[in-house]
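Biologist: I should like to discuss the pockets and the nonpolar cores of this protein. Please show the sequence and the structure before we begin.

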Amino acid sequence: MITLTPGTATLCVLEDIYRTMPEVRLDDTARGPVQAAADMVAEAAAGTVAVYGINTGFGKLASKKIAPEDTETLQRNLILSHCCGVGEPLSEDKTRLMMVLKLLSLGRGASGVRWDIINQIEDMLANGVIPVVPSQGSVGASGDLAPLAHMAAAMIGAGEATHKGVRMSASDALKNAGLEPVILGPKEGLGLINGTQFSTACALAGLFDACRMAKASMTIAALTTDAIMGSTAPLLADIHSLRGHAGQIDVATEMRAVMDGSEIRESHRDDDTRVQDPYCIRCQPQVVGAALDVIRMAARTLEIEANAVTDNPLVLVNEGRIVSGGNFHAEYVGFAADQLALAIAEIGAIAQRRVALMVDPTLSYDLPPFLTPNPGLNSGFMIAEVTTAALMSENKHLANPCVTDSTPTSANQEDHVSMAAHGAFRLKRMNDNLAVILGVELLCAAQGVEARAPLQTSRKLQDVIALLRSEVETLGEDRYLAPDIEAATQMVRDGMISKAAGVEVTL
């Protein structure tokens, strides 16, 4: 079980929650601030002064005063009316992460919800009750209203949820888990649906996977460099220290370590007629290093956002005030998602050029055409390269910015929005595409290195090839290639390639 203290969750802890899905609870030290804010909300709800979201309507209907006896109905109606999400359900790992982020936000003691609400989320996570949350419908301002409403609906026994992986009505899921639907008090529905947790969860998942892709690309690019008998001179430390960018320095350092001891490299230091390698070999540290630094910038933003209070209004207990603001606006998340999209697209773009280099006999320095030992009768990796080109192009289209695409909503009350939700949600598709590009490069690079026998690559890269060959045989005669691509892609996606090579770059 992981115990979280609101405001202090690290990226390492959040990635562990995303990947291993443990039981999660808030530290009891959060209980006092949460209760103090809830007491202030209860007092406001019973009073005569209009306080937005507590005894008024919402959005353009904020001028409508609500009687104290209608508070429960107001909050339930809010949740049900906002369950307008469409599209494929968010995956359970991301939905769990979204719920944990909501815990962290509510636990800061500025939302005015009772501890009962926090307990309900904790108990659902502990008992495998995961709301079915449609992935489309949020514009990333006033919070991720529709997705979070579907999460909140499951908490009150409405909508759908899965229980231990089986989809059913939320009321049945709660009943099967021995839980009761929670009854919402003043502001609690609004506190649940205001916030950036859907966008942030998707962006964090994209971040964690993009980091894996970047690390894999360092290893696989090193393997490709040996496959085409490329130079390691562009990896020299002095080159990169003269420029000074941390990401570039880190990529070059890792690639030097991975290639250390390669017989292939030593075999062509002298009398090589080539003066310089193409940019896809020579500039890997500059391109993926830049992407790594962009990923790190996004990481800093998302770590702050994961610990932030992003609903409205906020309960400022120390000042004795309940005030309206705009922390629900997900512009920070939208920018971070757009940064990640650019980095993912560029890592794939340079990797795809290395695949094209290896299959082209005019550029691959005596490797067989399309990396097949019997070209003509066999096509080898000809169309696998075409697949990488298709996915590279798709990622370029998907990398177009989302935050610049604001549109007014809610009768012009919400007249500028972030579009962070679909900006973040697209990152999964982009990372999946990138994993395939890198998987195909891995297949080609291993095939190319094996063609250099009896010369051997470095010990670390031999370990990478051995890992690949544990599931994918060297390509001789043409065969049905889709399973080979899927196996290599899965190794990239699971982080196995960089682990085999000992690449340790961190966010």
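Biologist: How much space lies in the second largest pocket?

Modeller: The model is a predicted one. The residues nearest the centre of this pocket are E15, C211, K215, V505 and T506. The space in the second largest pocket is about 360 Å³.

Biologist: Which element gives the most residues to the lining of the second largest pocket?

Modeller: The lining consists of 16 residues, and by class these are 7 nonpolar, 4 polar and 5 charged. Two or more of the lining residues come from each of α1 (11-20), α9 and α20 (496-501). With 4 residues, the element that gives the most is α9.

Biologist: Which helix gives the most to the largest nonpolar core?

Modeller: This core has 152 residues, and L14, L192, L204, L207 and F381 touch the most other members. Beyond its neighbours within four places in sequence, L204 is in contact with L11, L14, L97, L101, L302 and A306. Another core, of 8 residues including M40, V41, A44 and V315, lies apart from the largest one. The helix that gives the most to the largest core, with 18 residues, is α9 (residues 197-227).

Biologist: Is E441 buried or exposed?

Modeller: E441 belongs to helix α17 (residues 420-450). Neighbours within four places in sequence aside, its contacts are I220, A221, T224, A351, R354, V355 and M358. The cut-off for a buried residue is under 20% relative accessible area. Because the relative accessibility of E441 is 0%, this residue counts as buried.

Technical notes
Residues numbered from 1 in each chain as written. Predicted model: local features only at pLDDT ≥ 70, side-chain atom pairs only at ≥ 80, totals over all residues. Heavy atoms only, no water. Core = buried A, V, L, I, M, F, W, Y, C linked by side-chain atoms within 4.5 Å. Buried < 20%, exposed > 50% of the residue type's maximum accessible area, 1.4 Å probe, protein only. Contact = heavy atoms within 4.5 Å. 1 Å grid on protein atoms, 1.4 Å probe; cavity = no way out; pocket = protein on both sides within 12 Å on 5 of 7 lines; lining within 4 Å. Points joined across faces, edges and corners; volume = space filled by probe spheres on them. Nonpolar A, V, L, I, M, F, W, Y, C, P; charged D, E, K, R; others polar.
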